[in-house]
Amino acid sequence: MTEGTVQAASHVQPHAQPQEHQQHPIGLYLKVWLLLFVLSALSYMVDVLHFQGYLRWTLIVVLMLLKAGLIVAIFMHMAWERMALVCAILVPPIALLVLVGMMASEAGYTLLSRLLFFR
């Protein structure tokens with residue numbers, strides 16, 4: 001080989017080589033599946049133990065969000081994605097939840113003012 005071809009071969013871009021598929025250990029999936037099972041059992045126990053009112057709904061929503069977060073992070077491989085993609089997927093729903101919370105607060109204020117002034 002000539003010196004020019006050796007230099008050209010040494011400047012090969014590392015991303016030009018085919019990338020291997022990342023394989024995750026099966027133990028991780030089994031642990032997450034077991035944790036999802038435990039969270040589902042806790043969710044079921046909320047009904048069995050007859051929790052009522054805000055405590056019941058708070059527990060149900062918290063357990064639901066934990067399960068959804070585990071599913072998105074592990075089974076949808078979001079934990080291994082770039083931060084830009086994670087933000088592009090997670091920021092809009094979070095923004096919608098904030099806006100819904102603001103609208104609920106405004107609805108309470110509107111109802112209170114209607115009851116107070118238009119009775």
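A residue counts as buried when its relative accessible area is under 20%. With that in mind, let us look at helix H2, where Tyr29, Val32, Leu36, Leu39, Ser43 and Val46 are buried. What we are viewing is a predicted model, and this report walks through the chain as a whole before turning to its helices, loops and surface.

**The chain as a whole**

The chain contains four helices and zero strands. Read from the N terminus on, its elements follow the order α-α-α-α. Of its 119 residues, 11% count as buried. About 10400 Å² of the chain is exposed, and carbon and sulfur atoms supply 72% of that area. Looking at contacts with a separation of 6 or more, 62% come from residues 24 or more positions apart.

How confident is the predictor in this chain? The average pLDDT is 84, and 82% of the residues score at least 70. Among the elements, helix H1 (residues 3–10) has the lowest mean pLDDT, 53, while H2 has the highest, 94.

**Helices H2 and H3**

Helix H2 covers residues 26–48 and helix H3 covers residues 53–75. Do their lengths fit what a helix should give? For H2, 23 residues at 1.5 Å a residue should span 33 Å, and its end C-alpha atoms are 33 Å apart, so the two values agree. The 23 residues of H3 should likewise span 33 Å at 1.5 Å a residue, which agrees with the 33 Å between its end C-alpha atoms.The buried residues of H2 have already been named; in H3 they are Leu63, Leu70 and Ile74. The cover over the buried residues of H2 includes H3, and the cover over the buried residues of H3 includes H2. One pair of positions gives a feel for the spacing: Val38 and Lys67 are 29 residues apart along the chain, and their C-alpha atoms are separated by 9.9 Å.

**The salt bridge**

A search of the whole structure finds one salt bridge. Its partners are Arg56 and Asp47, whose closest N and O atoms are 2.9 Å apart. Arg56 has a relative accessibility of 23%, so Arg56 counts as partly exposed. Asp47 is also partly exposed, because its relative accessible area is 39%.

**Two histidines in loops**

After each of these two helices comes a histidine with a backbone angle worth a look. Just after H2, His50 takes a positive phi of about 55°. The residue lies in the loop between H2 and H3, and the positive value occurs in a residue other than glycine. Just after H3, His77 takes a positive phi of about 60°, although His77 is not a glycine. His77 is found in the loop between H3 and helix H4, which covers residues 83–117.

Exposed or partly exposed: which word fits His50 at 60% relative accessibility? His50 counts as exposed, because 60% is over the 50% cut-off. His77 has a relative accessibility of 31% and therefore counts as partly exposed.

**A nonpolar patch on the surface**

Which residues form the nonpolar patch on the surface? They are Trp33, Leu34, Leu35, Phe37, Val38, Leu42, Ile71, Phe75 and Met76, with about 870 Å² of accessible area together. H2 and H3 each supply at least two residues of the patch. H2 gives the most, with six residues.

Two members of the patch can be followed further. Leu34 is placed in H2, and its relative accessibility of 47% is why Leu34 counts as partly exposed. Val38 also has its place in H2; its relative accessibility is 38%, so Val38 counts as partly exposed.

The table gathers the relative accessibility of residues met above.

| Residue | Relative accessibility | Class |
|---|---|---|
| Leu34 | 47% | partly exposed |
| Val38 | 38% | partly exposed |
| Asp47 | 39% | partly exposed |
| His50 | 60% | exposed |
| Arg56 | 23% | partly exposed |
| His77 | 31% | partly exposed |

**Putting it together**

To find your way around the model, start at H2, the element with the highest mean pLDDT. H2 holds buried residues such as Leu36 and Leu39, and H2 also gives six residues to the nonpolar patch. From there, pass His50 in the loop between H2 and H3, and continue into H3, where Leu63 is one of the buried residues.

Methods: Residues are numbered from 1 along each chain as its sequence is written. This is a predicted model: local features need pLDDT of at least 70, side-chain atom pairs count only at pLDDT 80 or more; totals for chains, interfaces and linings use all residues. Side-chain values use heavy atoms; hydrogens and water are left out. Patches are made of residues with over 30% relative accessible area and no salt bridge: like charges are joined within 9 Å, nonpolar side chains (Val, Leu, Ile, Met, Phe, Trp, Tyr) within 5 Å. Accessible areas come from the Shrake-Rupley method with a 1.4 Å probe; for residues, only the protein chains shown count as cover. A salt bridge is a side-chain nitrogen of Lys or Arg within 4 Å of a carboxyl oxygen of Asp or Glu. Buried means under 20% relative accessible area, exposed over 50%, partly exposed in between (1.4 Å probe, protein chains only). pLDDT is the predictor's confidence in each residue, from 0 to 100. The expected span of a helix is 1.5 Å times one less than its number of residues. Contact means heavy atoms within 4.5 Å.
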